[in-house]
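Work through the exercises below with the sequence and the 3D structure open. Try each task before reading its solution.

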Amino acid sequence: MNLRLLINLKHMGMKMTKNTNKIKRLIFSFLAVALIAIPTSAFAAMPDPIKKDMLETGKKVYFKRCVWCHGVEGGGDGPSADRLFTRPRNFIQGTFKIRVTDSGELPMDINLINTVKNGLQGSAMPAWGEFLSENEILSVVQFVKSLVQDRDFSDEDEEVNNVITGIAADNGKGPLGDAPWAATKGPYHLGIPQEHVDAGKELFIKNKCFECHGGEGRGDGNPTMKDDWGFPIVAANWQQCWNFRGARRDAYNPFVIARTISTGLNGTPMPNFREQLTGTERWQVAAFVNSLCPRKKIDPLTNKPIPDFLIQSVYTEGPVVPKIDDPSWASSDTDDRIVPASEEQKENPKRHHIAMAGQITRGKRNFDPKADNLWITSRWSAEENAVYYLVEYDQRFMSSDPEYPDAVAIQWPAKLQDLFGAEKPYFINGDSKKPVDIWKASFLAQDYNATNAPKPEGYKLEVNVEETVGYGFDAIKAKESEAKVQVVDSIFHQGRVKVMFKRDLKTDGEFDVQIPTEQFIPVSFLQWSGRDKEKDEHMAISTWYYTILKPALPASLYYMPPIMAVIFVAFQGWLVWMTKRTRKMYDEGKVKRDELPK
Amino acid sequence: MNKALISFLVFVVGLGVFHNAIFPIFTPKEIGWILNRYVYFLLFVAYLIITNLVLRLKPPVAMTALFVWGLGFYFYKFVLYPPIPWTLFITYMVMWSIGTFLFISQDPETFREFRRPIVKTIVGEYKLAQIVVLTAMPILVGFATYNTIYPSYQEPVELRTVHPAPPATTKVHGKTYPLESTNNPFRVDEQDNYKDSFPFLDADKNEYMKYVTEGGTIFFQNCHYCHGDQLNGLGMFSHVFNPTPANFIDPGTIAMLQEAFLFWRVSKGGPGLPNESTPWSSAMPPWEEHLKTDEIWKVILFEYWYTGWHPRTFGTEGSTAG
């Protein structure tokens, strides 16, 4: 592409026939520099220059749609910026995360266009592809490029190397090339051979990816990271790939990860790994990272997993084993309609996905919740007359401050029997007429420090259980009756909090929810991140879900089908006998066949 | 080769080819007069009729009945759009089955012909068919019984009113506003004059854009989490809530409401909804707790400017997009 540079310079030279020797000298020195530069950057290209004729349209679009977050001068300081985590992009330095170009380089137009079209998942940046016209998108991208002040898209010194498909990918250990496996299957990109996943895991350990991304990839490695502007930043949680910024609305595609490993993320501590890893190896790391992400149905409008609005509590013969790592509690986060559960886990309760948001409605509002979702698994036992709820969620770093412990709570209508139809209490701590019963577990991890290296056996939690009655977001009272809720097991393991609640189905407390079986019961969840100084109504919250204690499988399931089949066999025998008899009667002439009209 | 078999293959193979290769061509993003799913279905029917006529296949009546019934099933299950709920599907199929039966019993001859292979199967003249059918049917019945008895649970369906009836007046920050006669105090000019104006840049130059800029600022500090950067109800927290946040782009929301209605809904939020037609379960905050009266009016002004809708006013029939 330096060839184009040469031609440009020659062209400039011709136009400047009247110019002084000084400029000529300048041109020649440029030429000389360019010639020297050829061997090292022989395949580099110039960035796409700004298309000036599109700026007017682009400006209109920008000031109507983008300015609110990205700011008047593109400094990422619009009115919304201070209430967003991650903050909106600051365009002034020309630092863009999602590219196909080398680390530190400007993006190509197509990268920015794709970002505008698909949005950046897990952030406030929505997908504009269906909202703006093609021309508006192309124009606004040109306008955004014009907001870059510290660099110049028409600067001769700037170069862009497409490290994904370009020849320049030969820098380092070779191009990314094609994946070392045949095409993946379906929208969930299943079917990558295990050997590549295993190889990727070894490379993950060898290249110390866990230092930032944590031992199981939940982004729980390093709590002190900052971006280029000094704002705090966290590593991606690989177990929630729908939040990958560069997912391009195709979260399960391993290419997304292979691209990021090849290009790094400008402005963040994420480097590229082309020096350390060959193309095939980058694909293998991608395969490993990709394998960690549970497969859930993704809502195409919000690009988030569709929540499981009905939490099914499974009937357990005899007592429930109150141990989180007991095989009877083992379930996959992946939806068993997408990947069938293994034979051992088939009878186990499903893991239900609960979407969480900041409580931005009442009192002190939480604009940047640290937990995006919860996972709920439940069993109940008629023999114990008790129900168990295992609550799990990903939390990168826990609090060490006893003043602000981490906490999670289950919220129930306190007077379930008084609710009519689909009526429910107010979702934030109930209301004066319909109180809620809140089971809250607060906890601190023992011997924990956020900067510790990954600890495979996890941290024990010091749990304090509290039962309260809520009459409103700011009206929570302690219960007078005896506390009945227990936390029977808990752990903080590789960036995941796991807390198992237990309670008797029926209690004496006036404001205790009395849990019926085989009935839909409203339930919702609250969560506090101590490290973020969350307390009281400053929390993350879900909407009302339903839970149901499923009965044991009826015995009739085993005897009715054979009985029905036998009855049907008998019916068939009668039908055959009848038909044959009728035939015989026809043949013997006892009965006349129905005659056709002539 | 048996003509009935050929006819059967014409149907099955044809359906496979049509469904997998030709159907996608007829369901493009932009639906046209020719390229649409119903034309595709007619083409398939025409293909069946013409092939059978040209090859003089004359399939037996029972098989023709099967084809007719199968075509109905295919139409309701795969072609008809938007897809219908299964209860409706069952209803349609019952009617279609009755129609098919009428077709075969239209005269005694066809009816007898229709019965013939069935009777032959039952009495064992078609030995293989008899064995297969008589073994398969009880097994199917057993499985169906199992599926019926196996308990399955689905979340209860909840119905609610979309637009609650507003009260006559609403009291915000100590002042009472009659909803029918209250107008947005910041709507100082005709909205359409500012379609192409720039927030922030034009805020100093004219009053209207100053209010729009201030309203937008409040929107993007408070409302976009649910109602979205595009005001389409798809904000970053929208997937969490049920009912989902309102989509202002949709012609069924702010486009058909008065500004005073919005003022009431914004000020009082979910907790201020009337008791009738509950449950609302709305996560909408009572914004009077967080915003000043003026700020609420400015947000409303901004929402109309951004979406291009005009608020409903008395004396006009409705609203038009700008």
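The exercises that follow concern a predicted model.

**Exercise 1. The interface between the chains**

Task: Determine how many residues of chain B are in contact with chain A, and how much area the two chains bury between them.

Solution.
- Step 1. Count the contacts: 67 residues of chain B touch 71 residues of chain A.
- Step 2. Take the area. The accessible area lost when parts come together is often used to give the size of an interface. Here chain B and chain A bury about 6,300 Å² between them, and 70% of it is on carbon and sulfur atoms.
- Step 3. Look for the main contributors on chain B. B:Y153, B:Q230 and B:H239 supply 12% of the area that chain B buries against chain A, more than any other three residues.
- Step 4. Count the polar links. There are 2 salt bridges between chain B and chain A, and 10 residue pairs are in polar contact, both residues being at pLDDT 80 or more. A salt bridge joins B:E289 to A:R362, with the closest N and O atoms 2.5 Å apart.
- Step 5. Assign the contact side of chain B to helices. Each of α5 (108–123), α6 (127–149), α7 (207–227) and α9 of chain B supplies at least two residues to the side that touches chain A.

**Exercise 2. Helix α8 of chain B**

Task: Decide whether helix α8 (residues 259–268) of chain B is largely enclosed or largely open, and say what covers its buried residues.

Solution.
- Step 1. Apply the cut-off: a residue is buried under 20% relative accessible area.
- Step 2. List the residues of α8(B) that pass. They are B:E259, B:A260, B:F261, B:L262, B:F263, B:W264, B:V266, B:S267 and B:K268.
- Step 3. Draw the conclusion. Because 9 of the 10 residues are buried, helix α8 of chain B is largely enclosed by the rest of the structure.
- Step 4. Find the cover. What covers the buried residues of α8(B) includes β1 (169–172), β2 (175–178) and α9 (293–307) of chain B.
- Step 5. Check a residue of the cover. B:T293 is in helix α9 of chain B and counts as buried at 14% relative accessibility. Leaving out residues up to four places away in sequence, B:T293 touches B:V172, B:H173, B:Y177 and B:F263. The side chain of B:T293 also makes a polar contact with the side chain of B:H173, at 2.9 Å.
- Step 6. Inspect the end of the helix. Just after α8(B), B:G269 has a positive phi of about 60°.

**Exercise 3. A nonpolar patch on chain B**

Task: Identify which helix gives the most to the nonpolar surface patch.

Solution.
- Step 1. Name the members: B:L5, B:F8, B:L9, B:V12, B:V13, B:V17 and B:L66 make a patch of about 560 Å².
- Step 2. Assign them. Helix α1 (residues 3–26) of chain B gives the most, with 6 residues.
- Step 3. Take one member as a check. B:L9 is in helix α1 of chain B and is partly exposed, with a relative accessible area of 37%.

**Exercise 4. A salt-bridge network in chain A**

Task: Trace the salt bridges of A:R351 and A:E392, and state how far apart in sequence the parts are that they tie together.

Solution.
- Step 1. Set the scale: the structure holds 37 salt bridges over all chains.
- Step 2. Start from A:R351 and A:D333, whose closest N and O atoms are 3.4 Å apart in a salt bridge. Both residues lie in the loop between β1 (310–316) and β2 (352–355) of chain A, so the pair ties together parts 18 residues apart in sequence. A:R351 is buried at 11% relative accessible area, and A:D333 at 12%.
- Step 3. Follow A:R351 to A:E392, a salt bridge of 3.3 Å, N to O. A:E392 lies in strand β5 (residues 386–394) of chain A, so this pair ties together parts 41 residues apart in sequence. A:E392 is buried, with 2% relative accessibility.
- Step 4. Continue from A:E392 to A:R496, where the closest N and O atoms of the salt bridge are 3.1 Å apart. A:R496 is in strand β11 (residues 496–504) of chain A, so the pair ties together parts 104 residues apart in sequence. Both A:R496 and A:E392 are buried.
- Step 5. Assemble the network: salt bridges link A:E216, A:R218, A:D333, A:R351, A:E392, A:D394 and A:R496.

Definitions and conventions
Residues numbered from 1 in each chain as written. Chains lettered and ligands numbered in written order. Heavy atoms only, no water. Buried < 20%, exposed > 50% of the residue type's maximum accessible area, 1.4 Å probe, protein only. Helix = DSSP H or I, 4+ residues; strand = E, 2+ residues; numbered from the N terminus. Contact = heavy atoms within 4.5 Å. Patch = residues over 30% accessible without salt bridge, like charges linked within 9 Å, V, L, I, M, F, W, Y side chains within 5 Å. Areas by Shrake-Rupley, 256 points an atom, 1.4 Å probe, with all protein chains shown as cover. Salt bridge = Lys/Arg side-chain N within 4 Å of Asp/Glu carboxyl O. Buried area = accessible area lost by both parts, 1.4 Å probe. Polar contact = N/O pair within 3.5 Å; in protein donor to acceptor, adjacent residues only side chain to side chain.
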